[in-house]
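Take a look at the protein shown below. The report that follows walks through charged pairs, a pocket and two helices.

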Amino acid sequence: MAPGDLQGIHHVTAICGDAQRNVDFYAGVLGLRVVKLTVNFDDPTTYHLYYGDGVGSPGSIITFFPYVDSGPGRPGVGQVTTTSYAIPLGSLDAWMARLAERTIDFDAPTEAFGCRQITLLDPDRLRIALVEAEAPAASGWEGAPLAPDIAIRRIHSVRLAEEAGESTARLLTGLMGFRETGTEGTVRQYEVGSGGSGTIVEVQCSPDLPPGRGGQGSVHHVAFRTPDDAHQFALRAALLADGRNVSPIMDRNYFRSIYFREPGGVLFEVATDPPGFLIDETDADLGTHLKLPAQYEPHREAIVRRLPPLRLPNGVEIGGGAG
Ligand code: ZN
């Protein structure tokens, strides 16, 4: 396998404010499953929330760090400015009705790269798009709020805003193995692996935008899928040989990760598909307990006391001394 053979998007990680409001939106409105509730491994006073499909398939995952004290971020260059979800073909009208019922604003439908879509802002003003696209049905679960003919299937694409896209393009189409698949206006589209929904990175050349600033409502990084440790190791070596700063391999319990900044400033991660989210909870109770990494387990009681109270979609309450 060549170092660049990535399989698509693994997850997107973003920063939010209030954790409960985030759960209510991603689980309640978008109908995703909470597939893991844990803490920031570097700061156990903060939750780390994971949402995805019924089994937390790689490519369906968005994660949030609720940083209550951080101010709002500012969208701009050097950031992921839109995270798009694939929804079933023909389901956009049902989505618009669902959002309107909940008085959530969205832009009028547009078509981009052949797909009908709308964009909306989450409660922290993170930009989300819902894109009608060919994609395999997502794994459902008992009690899922949405039927398969409307449910989100996976992350479809991410859009990066860049001051100038050339050096980003060289990295994507070089070591990372992407190929350019289209251009519309100032946006170039790239796909990797088998291509199609779930493998798409769009680079928007936006020299007039201010530099992005991290904070609530901003994406922290985007992660790409690698099938195994050997491939990740080889890619890391190739990136280092290319003169890039790459983190050591980090154990994130549910995947192993390396991080590096692409030339335009967006933080990239390459994460392994294994072991996945079923290593410490069963399919039936995925995302219904506060899971702590081994180093924090002896301090569970103190950690739980300091976490803000949080009610999960199944009614379980965590934090503030509960759970
Ligand atoms: Zn990540």
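## A pair with partly exposed partners

Glu317 has a relative accessibility of 41%, and that value makes it partly exposed. Its salt-bridge partner is Arg311. The closest N and O atoms of this pair are 2.6 Å apart. Arg311 is partly exposed too, at 45% relative accessibility. Keep in mind that this is a predicted model.

Salt bridges can also share partners. Lys36, Asp280 and Glu281 are joined into one network in that way. The count of salt bridges comes to 15.

## A bridge between a helix and a strand

Asp93 and Arg116 form another salt bridge. Here the closest N and O atoms lie 3.2 Å apart. Which parts of the chain does this pair tie together? Asp93 sits in helix H2, residues 92-101. Arg116 sits in strand S7, residues 115-121. The two residues are 23 apart in sequence, so the bridge ties together separate parts of the chain.

Are these two residues buried, partly exposed or exposed? Asp93 has 47% relative accessibility, so it counts as partly exposed. Arg116 has 31%, and it also counts as partly exposed.

## A bridge within one helix

Arg305 pairs with Glu301 in a salt bridge. Their closest N and O atoms are 3.9 Å apart. The cut-off for a salt bridge is within 4 Å, so this pair qualifies. Both residues belong to helix H5, residues 300-306. They are four residues apart, about one turn of the helix. An α-helix has 3.6 residues a turn, so residues three or four places apart point the same way.

Both partners are exposed. Arg305 reaches 54% relative accessibility. Glu301 has a relative accessible area of 65%. Exposed means over 50%, so both residues pass that mark.

## The largest pocket

How big is the volume of the largest pocket? The value is about 760 Å³. The pocket is lined by 46 residues. Closest to its centre are Thr81, Thr82, Thr119, Arg127 and Arg159.

Many strands contribute to the lining. Those that each supply at least two residues include strand S5 (79-87), S7, strand S8 (127-132) and strand S9 (154-162). Strand S13 (218-226) is also one of them. By residue type, the lining divides into 19 nonpolar, 17 polar and 10 charged.

## Helix H4: two sides

Helix H4 covers residues 229-241, which is 13 residues. At 1.5 Å a residue, H4 should span 18 Å. Its end C-alpha atoms are 18 Å apart, so the model agrees with the expected span.

Which residues of H4 are buried? They are His231, Gln232, Leu235, Ala238 and Leu239. These buried residues cover an arc of only 125 degrees around the axis, so they lie on the same side of H4. The face turned away from that buried side carries the exposed residues Ala230, Phe233 and Ala241.

## Helix H3: one buried face

Helix H3 spans residues 166-173. Its buried residues are Thr168, Ala169, Leu171 and Leu172. Seen down the axis, they fall within an arc of 165 degrees, so they line one face of H3. What lies on the other side of H3? Glu166 and Arg170 are there, and they are exposed.

Key. Residues are numbered from 1 along each chain as its sequence is written. This is a predicted model: local features need pLDDT of at least 70, side-chain atom pairs count only at pLDDT 80 or more; totals for chains, interfaces and linings use all residues. Side-chain values use heavy atoms; hydrogens and water are left out. A salt bridge is a side-chain nitrogen of Lys or Arg within 4 Å of a carboxyl oxygen of Asp or Glu. Buried means under 20% relative accessible area, exposed over 50%, partly exposed in between (1.4 Å probe, protein chains only). On a 1 Å grid over the protein atoms alone, a cavity is a set of points where a 1.4 Å probe fits but cannot get out, and a pocket is an open set with protein on both sides within 12 Å along at least five of seven lines; lining residues have an atom within 4 Å of a point. Grid points are joined across faces, edges and corners, and a volume is the space filled by probe spheres set on the points. Ala, Val, Leu, Ile, Met, Phe, Trp, Tyr, Cys and Pro count as nonpolar, Asp, Glu, Lys and Arg as charged, and the others, Gly among them, as polar. The expected span of a helix is 1.5 Å times one less than its number of residues. The arc is that of the directions from the helix axis to the C-beta atoms.
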